[in-house]
Amino acid sequence: GLQRALEERRISLVRIDGSVDQQQRQVLVDQFQRGHDAQHTRVALLSLTCGSFGFTLTAAQRVVFAELW
């Protein structure tokens, strides 16, 4: 899938879906927002089902919504 393709290309990412608890979601959003940190996180994979949690991704240049199966 998409996550595997990104990982094979060594593109740093965060993935947030329904299995991620609220505290960890915030950690991952913060990691993405910092993008310039040591991990250079460039991609956030977000499940449509977790979109209702009110993310602020001001660091994003593009946003694509997809269901992560």
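A residue is termed buried under 20% relative accessible area, exposed over 50%, and partly exposed in between (1.4 Å probe, protein chains only). The structure is a predicted model, in which local features need pLDDT of at least 70 and side-chain atom pairs count only at pLDDT 80 or more, while totals for chains, interfaces and linings use all residues. Residues are numbered from 1 along each chain as its sequence is written, and side-chain values use heavy atoms, leaving out hydrogens and water.

**Nonpolar core**
- The largest nonpolar core (buried Ala, Val, Leu, Ile, Met, Phe, Trp, Tyr and Cys residues joined through side-chain atoms within 4.5 Å) has 8 residues: Val14, Ile16, Val20, Leu28, Val29, Phe32, Leu46 and Cys50.
- Strand E1 (13-16) and helix H2 (22-34) are the elements giving two or more residues to this core; helices (H or I, at least four residues) and strands (E, at least two) are DSSP runs, numbered from the N terminus.
- H2 supplies the largest share of this core, 3 residues.
- Beyond its neighbours within four places in sequence, Val14 is in contact (heavy atoms within 4.5 Å) with residues including Leu28, Phe32, Val43 and Leu45.

**Salt bridge**
- The count is 1 salt bridge, defined as a side-chain nitrogen of Lys or Arg within 4 Å of a carboxyl oxygen of Asp or Glu.
- Arg15 pairs with Asp17, their closest N and O atoms being 3.0 Å apart.
- Arg15 is partly exposed at 28% relative accessibility, whereas Asp17 is buried at 15% relative accessible area.

**Exposed residue**
- Val63 lies in the segment after strand E2 (43-46) and is exposed, with a relative accessible area of 52%.
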